[in-house]
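Work through the exercises below with the model open. Try each task before reading its solution.

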Amino acid sequence: MPGLSFTLPHWLYWVGLIVFPLVAMALARRPQPAENRYSVVLAYLIWVTGGILGMHRFYLRNLLGLVYIPIFFVILWANAGGQEARTVVSELANQVRVAERAIEREEPRVAEAEAQVEELRAAVADTEEGSVQRRLAERRLSRAEDQITEGAERVAEANETLEGSSEALASARSDRAFYNNAAKWAFYAILALLVIDAVLIPFLVRRANARLADAPEEKTLISAPADDAAAETPKADSDYATNWIDRLSLFAGEFAAYWAVIAVFVYYYEVIARYVFGSPTNWAHEAMYLMFGMQYLIAGAYAMLTETHVRVDIFYAPLPRKRKAWVDLLTSIFFFIFAGTLLVTSWIFAFDALAVPTGNSLVSQWARGQIGFGEAVSGWGLNQWTDPNIRWGEISFNEWEVPLWPMKWVMVMGGLLLLLQGISKLGKDIRALRGNDDLPPDRPTGAAMHEREAV
């Protein structure tokens, strides 16, 4: 099975976290087509990402995609068998090495002892019976004879192990080669099918659209409710934005939400690389938990705006709007303590991350206050971006060594967004107490929504 060795470049990671959400937001805002049709672009996208499972065929409602499934399971079966065979080969090879080293070590010792034993026997015979010299000579003779006996036993045991392990090792290597060849040829079969489908996708899309045009119009089985109250739905998130701070929080929340899509692609790649190609990555897990940490920080203001964060509503939910405003004003003291502390501490963390001594001395010296901003900018050059020996601030301790300072500055952004949203919420509560509330009605509670659905 061919290996799949790929390490995500650091610059591509950070650029992807910025560009992908912007592109996704632009695509989501496109006007919807008048009629649903299959897309060649989307078919090729699914072919690239999920073609190994025939997902592009399933997207086009073509049952020939089922051909990919058994071939894919053959790859998984062969990889699992190959991994077990590789473990057996490693254990048996180690036994063979140990046996060979035992033979190499013991045979010279036995030969040397056998060469000395006759001399030791003659020395015993030449000494006087009962003398100290006789006892010493007998002791040396006994050690030599014991060494010959024990060494011969070890050599015989090693030869027996070597004979049995060598046969088993040859069989295990044969099994490993069989599984590797099975996985390799199954993978080549899927590659051949993918190449054929890459040529056929435009034709398959046209045929699927033709079937879609010829299909009878589907009739809905659920009629619209006659009661306007039953048809009422919760307000959209955009309805809660009354100023630029709210709109900024909505943008930040939508931007960070698309990072979850990135996680799907990355973990899908990790699973395929690990279990199909036997090449687990050293960056996927670290990249995603850093991303989710930043997502949590950026989306805090959005959760506060849309009131989707976790809280206990037993006493708060039944209150009228003005009493809720009083409660929010009183509890906002604790909120601003938290938000201010988060902003200040994250600011310190961010500068500490830049001040860590690295190859980029300009950044470290500026963050430490050793040089001014103008001096740091004047010393900038193209090598700051191209020299592989230059690192930017604090990096992770793992093998990937991704820079951590951008994440620390995202903490600053998250704290600032949360503080701004708190100020916006404070202004809304004050307007509510003055009787000039520009907010839409409160969202219906879960129970109210279930009652409306039951009408």
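The exercises cover a surface patch, a helix pair, salt bridges and backbone angles.

The model is predicted, so local features need pLDDT of at least 70 and side-chain atom pairs count only at pLDDT 80 or more, while totals for chains, interfaces and linings use all residues. Residues are numbered from 1 along each chain as its sequence is written, and side-chain values use heavy atoms, with hydrogens and water left out.

**Exercise 1. The nonpolar patch**

Task: find which residues form a nonpolar patch on the surface, and which elements give two or more residues to the patch.

Solution.
- Start with the criteria. Patches take residues with over 30% relative accessible area and no salt bridge; like charges are joined within 9 Å, nonpolar side chains (Val, Leu, Ile, Met, Phe, Trp, Tyr) within 5 Å. Areas come from the Shrake-Rupley method with a 1.4 Å probe, and for residues only the protein chains shown count as cover.
- List the members: F6, W11, L12, V15, I18, V19, L22, V23, L27, W244, L248 and F251. Together they have about 1,100 Å² of accessible area.
- Assign elements. Helices are DSSP runs of H or I with at least four residues, numbered from the N terminus. α1 (10-28) and α7 (244-257) each give two or more residues. The largest share, 8 residues, comes from α1.
- Check one member. V23 lies in helix α1. V23 is partly exposed at 43% relative accessible area, because buried means under 20%, exposed over 50%, and partly exposed in between (1.4 Å probe, protein chains only).

**Exercise 2. A helix pair**

Task: describe how helix α11 and helix α15 cross.

Solution.
- Take the axes of α11 (residues 321-355) and α15 (residues 405-433). They come within 8 Å and cross at roughly 160°. Axes are lines fitted to C-alpha atoms, for helices over the stretch in contact, with angles from 0 to 180 degrees between N-to-C directions.
- Classify the angle. α11 is therefore roughly antiparallel to α15, a term for angles over 145 degrees.
- Add the hand. The crossing of α11 and α15 is left-handed: the near helix is turned anticlockwise from the far one by less than a right angle.

**Exercise 3. Salt bridges**

Task: count the salt bridges in the whole structure, then place the pair R29 and E254 and trace the network around E106.

Solution.
- Apply the cut-off: a side-chain nitrogen of Lys or Arg within 4 Å of a carboxyl oxygen of Asp or Glu. The search finds 12 salt bridges.
- Look at R29 and E254. Their side chains meet at 2.9 Å, N to O. R29 is in the loop between α1 and α2 (40-50) and E254 is in helix α7, so the pair ties together parts 225 residues apart in sequence. R29 is exposed at 53% relative accessibility; E254 is partly exposed at 24%.
- Move to E106, which is buried at 4% relative accessible area. R105 meets E106 at 3.5 Å, N to O. R105 is partly exposed at 40%.
- E106 also bridges to R154, with the closest N and O atoms 3.5 Å apart. E106 lies in helix α4 (residues 68-126) and R154 in helix α5 (residues 132-214), so this pair links parts 48 residues apart in sequence.
- Join the pairs. Shared partners connect R105, E106, R109, E150 and R154 into one network.

**Exercise 4. Positive phi**

Task: what is phi of E307, and what is phi of E401?

Solution.
- E307 has a positive phi near 55° and is not glycine. E307 lies in the loop between α10 (300-306) and α11.
- E401, also not a glycine, has a positive phi of about 60°. E401 lies in the loop between α14 (383-386) and α15.

Terms used: Angles under 35 degrees count as roughly parallel, over 145 as roughly antiparallel, 65 to 115 as roughly perpendicular and the rest as oblique.
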